[in-house]
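The following paragraphs guide the reader through a protein structure, from the whole chain to selected details. Please have the sequence and the model in view while reading.

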Amino acid sequence: MNCYFKILIGALLFVNGIVAQEITTTQNQSNTLQLEKPSINQSKKVALLLPFNLTKVQNDTVNTFADRLKKDKFLNMTLDFYSGAILAIDSIKKLGISIDVSVFDSEETKTSSNIAKLINDNRLDTFSAVIGPFYQANIEKTAELLSASQVAVISPLSKEVGKSFPNLVQTITSSNIIRAAIFDFMRSKNGNVIAVVDKKKVSVKKYIAENQKDVRFAALDPNGALNVGSLKSQLVKNKINYVVMETANTSMIKATLTALLSVQPFYNVQLVILEPNETLDTDEIEFESLIKLKLLYPSMSRENDSAEAMLFENTYKAENKITPSVFAIRGFDVTFDTLMRLSQTTSFLDSLSIQSTEQVESKFEYVKTENGGYANKGTYILYYDADLKVKVAK
């Protein structure tokens, strides 16, 4: 990939902004970020702190760079993210927006990094925003060191929830927010919600019982199997019946699917899961059954086959000779969202509270947390449709 060779020239790469010009855009949704005419006198500086760990690569006397790429998943993830970020930077430049982007090697592991030195040596306290590093502990350290100067620190990949700082922006939607979103959706449809929960899923049952008190549980037999009669007795006519199934047990899954398919002529039923379930992808579960029951689930990302998404994929392929990975798409989405916000007349942190954006796979809709900082609540509700495609219900 072209980007690999760029970064290996040195630990620092500069991508210079260009003179801005007038841009005309359309606004599809009332709360979607709209590009305004940027000012040529307001070029912003952004830093990407990415864990290339170049010193390790250069000091590796056993493996060639090509060999290391075959073995090092973390390096591949970093390079993929970087390749997507580079495409976002190029796209912003083509829009005529003037932003200076510097890329630094954060040389990080879970327990160490060179963040403090990078901030001090490169005066990152004068930048408008910093994307990265990857690990939560290093993100928090970066946010802490830059909090006094109010530099926005964007966490691109960490799923952890740790310390809060007023300048820390968590782009990954937390599992709690994603879970709550699907229940809010079912409630908005005035649905009758029934939960089929394996006895091994103690934490899930506890979550539903404590946070979704209107949900009823289907009973289990003494041996832990689903009591089909209990499930059927809780179905309601003239309402959509959402059956939340949380189990990895093949027998329980089959029993649930068989029961719901048998009552489909008489009741409006839809199958729901709260998180990815690997058992549903096995040969023992008929995909056709999931289609018939319009499997519904929440996700922080979507499948996107729009004209804009195809343009992104084709451009990426032309540049890198491969299809973009999930990390490349993530690199594009996070970087493009950040640069777009910085191009506005509103301050970056203010834009988080008042504007949401939707990129190739992700939605960025931020809320201010109780302890300071910002969390992304962007979530999609997806379902399997009859044409075998995954579609957005909300």
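In this predicted model, 69% of the contacts between residues at least 6 apart in sequence join residues at least 24 apart. The protein has 394 residues, of which 51% are buried. Its secondary structure consists of 14 helices and 17 strands. The surface that the protein exposes amounts to about 19300 Å², and 50% of this area is supplied by carbon and sulfur atoms.

Among the helices, α4 may be considered in detail; it covers residues 73-94. Does its length agree or disagree with what its number of residues predicts? At 1.5 Å a residue, its 22 residues should span 32 Å, and the C-alpha atoms at its ends are indeed 32 Å apart, so the two values agree. The surroundings of both ends can also be described. At the start of α4, a side-chain oxygen of Asp72 comes to within 3.1 Å of the backbone nitrogen of Phe74. After the helix comes Gly96, which has a positive phi, near 90 degrees.

Attention now turns to a strand. Strand β7 comprises residues 192-197, and Asn192 lies in it. Is Asn192 buried or exposed? Its relative accessible area is 9%, which is under the 20% limit, and Asn192 is therefore buried. The side chain of Asn192 forms a polar contact with the side chain of Arg216, at 3.0 Å. When neighbours within four places in sequence are left aside, Arg216 also appears among the residues in contact with Asn192, together with Gln234, Leu235, Val236, Lys239, Ile240, Asn241 and Tyr242.

Terms used
Residues numbered from 1 in each chain as written. Predicted model: local features only at pLDDT ≥ 70, side-chain atom pairs only at ≥ 80, totals over all residues. Heavy atoms only, no water. Helix = DSSP H or I, 4+ residues; strand = E, 2+ residues; numbered from the N terminus. Buried < 20%, exposed > 50% of the residue type's maximum accessible area, 1.4 Å probe, protein only. Polar contact = N/O pair within 3.5 Å; in protein donor to acceptor, adjacent residues only side chain to side chain. Contact = heavy atoms within 4.5 Å. Expected span 1.5 Å × (residues − 1). Areas by Shrake-Rupley, 256 points an atom, 1.4 Å probe, with all protein chains shown as cover.
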